[in-house]
Amino acid sequence: MTDENGTKPENGNVPESTTSETPVEPAKTDAIELSPASLVEPKKVEEPENNGAIEATNVAEAEGQVKKLPYPKSVFFIISNEFCERFNYYGMRTILVLYLSRQLNYSDDTATVIFHIFTMFVYFLCILGAIISDSWLGKFKTILYLSLVYVCGSVLVTLGAMPPLNLPATTFTMIGLALIALGSGGIKPCVSAFGGDQFKMPEQLKQMTTFFSLFYFSINAGSLISTTVTPILREDVHCFGEKECYSLAFGVPAVLMAVSIVIFILGRPLYKSKPPAGNMVVLVSKTIGNAISTKWKEKKTNPREHWLDYADKKYDRQLIEDVKVLMRVLVLYLPLPIFWALFDQQGSRWTFQATRMDGDMGSWDIKPDQLQVLNPLLILVFIPLYDVAFYPALSLIGIRRPLQKLTLGGILAGVAFIISGVVELNLEKTYPTLPTDHISQLRIFNGENCAYTINTNIPGHPTINIDRHGYYVNKDVPVSGKFFDLTYAFTAVEGDNCYSFEAGSYRLPVKEAHTLFMNTKNTSYPLIWYEDYVNKPSRGSPLGRTLTNVEIGRKIEWRKTKKNSLEHEEPAYLNNLTEFSAGDYKILVDGDEVLQTTLSTGGVYTVLIHELDNGGYYAQEVVITDPNSMSILWLIPQYVVMTLGEVMFSVTGLEFSYSQAPVAMKSVLQACWLLTVAFGNVVVVIIAELALFDSQASEFFLFAGLMFADMLLFMYMAYRYKPNNPNAVAETEPLTAGEEKSALPLEGADNKAFENKE
């Protein structure tokens, strides 16, 4: 036995102690926070002076004469606080990778790395929050202070996204994300445990179960609503002269986070707060550290059967045995991070994949980041279905034990990535042909009412014929070195009063696309060269360019067809590439409509306008890059399979962890479960940084292969694993009357989870 710090009292007298455990509500990834890292709070139990009173109380309880305790009103403040906090976290995270890539101009790979580093720190810092709460501040102060840090981070990200402020957006975003990671991760292990503290055990066991159900619902409700709303605020609201309003999309969740603090403080008079009682994570770490250091000193003079036995000079034997059990389970945890490496890519790689797909549903447009709403929505559907249908069906084929279910959950995650890889292969067929090594691209637009022949030195294309108002495309101009020195000479072959262009030359850089525009009404520059954009738009929104061969001084307008609202205007010959919202447009020159066109998501368009001699206009649209054509609905199967795997993996894993942990180690094992999520994100960062493949499909298949190999390893480790029954010790040791109350509900919770192994 040990004292409150886990060390042996010098005089050998050991106070009796008991452990109060809070049952854990199995949940989704984020619902790991329902498994606090600080549920175990050792406390001294005074020997009751009046045993007769205790016996009378026990008799009264047995006869059902004890008055039913009222449901603690304080938990509703905690549930409301959790809803607002989760709305903020998921709302911000939903749009994060798009903000990093579209506003801060990071590449997709770098945005993915930043996203997963942020998620990694959120889960690493859970341990810090648990230590601060249990060893120093207590749960209430930890939640309050770190929530203030949290809201400061949210405000910084919001301010950085406001263009008029001209703040260093990147710096503000990175500092903001660091503060959010500290705040979110720090309070994660405290909130649900603080809610559990509001109940008196074991009298309110059923009421506490209801609380965890409501708590879990608030998490998914906050996630569901925020992943639906924030993409709408981002894309459908225009602010500060920009097409997307990230400041509002970040700002609304930040306001909800501030509201969550107010709600939490309002409930303070009703809260039951327990003082810090020491953190078991710290105690276990000290025990392991002491065993390692002692073994290093005494391994030759005092050999032991197990390396942890070297800590027995300072720590109690039961603690050491519990740590041994803990280490056996932790070894089983080693393959688990790979699952989270796949799961958390829903917010990064899968979101980027959605940006290259068509979300147009007619009257409704699905945003690429909005598809993440499928996860919490499916979670709420699948959890009851598992108990009613899925698990009974699995038992018919012999899958009944927790480790079998956990393995199947991992396999389903691998299948989800196989599906995503197949989708990506089909998606790649719709991607534009880009200039690569040793290749350049050339486009020529004829803005004249005359046909020309162009003599060039392009290998295989010495003569180019271009019709009136026509265009020429060559996507495979060979380049040796860094440039191809193009020479050209024009000969008019059809038309009246055709302009005689001067022969010339132009240097085409490798891996770039360049365009020549013939426009004689621009007497200063009848031939205009510019670098063209031929890739998919990084923001997903369509891009358009207006090439005008009109009188100098004309004004070009792009107006939405339905509302006749002005979307863009520019003077003739500006020729800039402009980002538009998807939809129908009419194009006007000095108020005269010359063309109606439709711009679709993911497309790049050039509109060619020529002013005719009779005062009219000729206009046509040229598609430079085809718009997204593959429906975003093709992503639904991979989300469905991943969520099926998540429910089986996460819920079963939490249940298994809770049931296998020694009574005093449950908080430590839950903390280690959180760490598997953190390490999973480390895996994604490493693979993204290595940039092993040019094809995203290949990377998806790599992750699927890692998942399958990982589950094979896990199956072998699970086969060799010897289950632990944490109740065995409790059953063999006599309990005092005061201890019985805290032990009974724990046994029930453990046995229920452990039954699934039989």
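Tutor: A disulfide is a pair of cysteine sulfur atoms within 2.5 Å. This is a predicted model, where local features need pLDDT of at least 70, side-chain atom pairs count only at pLDDT 80 or more, and totals for chains, interfaces and linings use all residues. Residues are numbered from 1 along each chain as its sequence is written, and side-chain values use heavy atoms, leaving out hydrogens and water.

Student: How do you know that C239 and C245 form a disulfide?

Tutor: Their sulfur atoms are 2.0 Å apart, and that distance falls within the cut-off, so the pair counts as a disulfide. In general, such a link is a covalent bond between the sulfur atoms of two cysteines.

Student: Is the disulfide of C239 and C245 right-handed or left-handed, and what makes it so?

Tutor: The torsion about the S-S bond is about 110°, so the disulfide of C239 and C245 is right-handed.

Student: How many disulfides does a search of the whole structure find?

Tutor: The search finds two. The second joins C450 to C498, with 2.1 Å from S to S. Its torsion is about -95°, so this one is left-handed. C450 sits in the loop between β3 and β4 (451-458), while C498 sits in the loop between β7 (483-494) and β8 (504-509), so the bond ties together parts 48 residues apart in sequence. Counting bonded cysteines along the chain, the pattern is 1-2, 3-4.

Student: What makes C450 buried or exposed?

Tutor: Compare its value with the cut-offs: buried means under 20% relative accessible area, exposed means over 50%, and partly exposed is in between (1.4 Å probe, protein chains only). C450 has 3%, so it is buried. C498 has 22%, so it is partly exposed. In the other disulfide, C239 and C245 are both buried.

Student: And which label does C152 get, buried, exposed or partly exposed?

Tutor: C152 has 43%, so it is partly exposed. C84, at 5%, counts as buried.

Student: Why is the stretch 317-333 called helix α9?

Tutor: Helices are DSSP runs of H or I with at least four residues, strands are runs of E with at least two, and both are numbered from the N terminus. Helix α9 has 17 residues, so it passes the cut-off for a helix.

Student: How do you know that the span of α9 is close to the expected one?

Tutor: The expected span is 1.5 Å times one less than the number of residues. Helix α9 reaches 24 Å from its first C-alpha to its last, close to the 24 Å expected. Its buried residues include L319, V323, L326 and L330. Among the elements covering them (contact means heavy atoms within 4.5 Å) are α8 (280-298) and α13 (402-428).

Student: What caps the N-terminal end of α9?

Tutor: D316 does, with a side-chain oxygen 2.9 Å from the backbone nitrogen of Q318.

Student: What makes the link between E579 and R539 a polar contact?

Tutor: A polar contact is a pair of N or O atoms within 3.5 Å; within protein, one must be able to donate a hydrogen and the other to accept it, and residues adjacent in sequence count only if both atoms are side-chain atoms. The side chains of E579 and R539 are joined at 3.3 Å, so the distance fits. E579 makes another such contact with the side chain of S541, also at 3.3 Å. E579 lies in strand β14 (residues 577-579), and at 17% it counts as buried.

Student: How do you know that β3 and β6 pair?

Tutor: Two strands pair if DSSP finds at least two bridges between them. Strand β3 (residues 439-446) and β6 have six bridges, so they pair, in the antiparallel sense. F445 stands opposite Y471 in β6. Both strands belong to an open sheet of four, in the order β6-β3-β9-β10, with mixed pairing.

Student: What makes β6 and β10 edge strands?

Tutor: Each of them, β6 (471-478) and β10 (527-532), pairs on one side only.

Student: What stands out about phi at F240?

Tutor: Most residues other than glycine have a negative phi, and most peptide bonds are trans. F240 is not a glycine, yet its phi is positive, about 55°. F240 lies in the loop between α6 and α7 (246-266). The peptide bond from M201 to P202 is cis, with omega near 5°.
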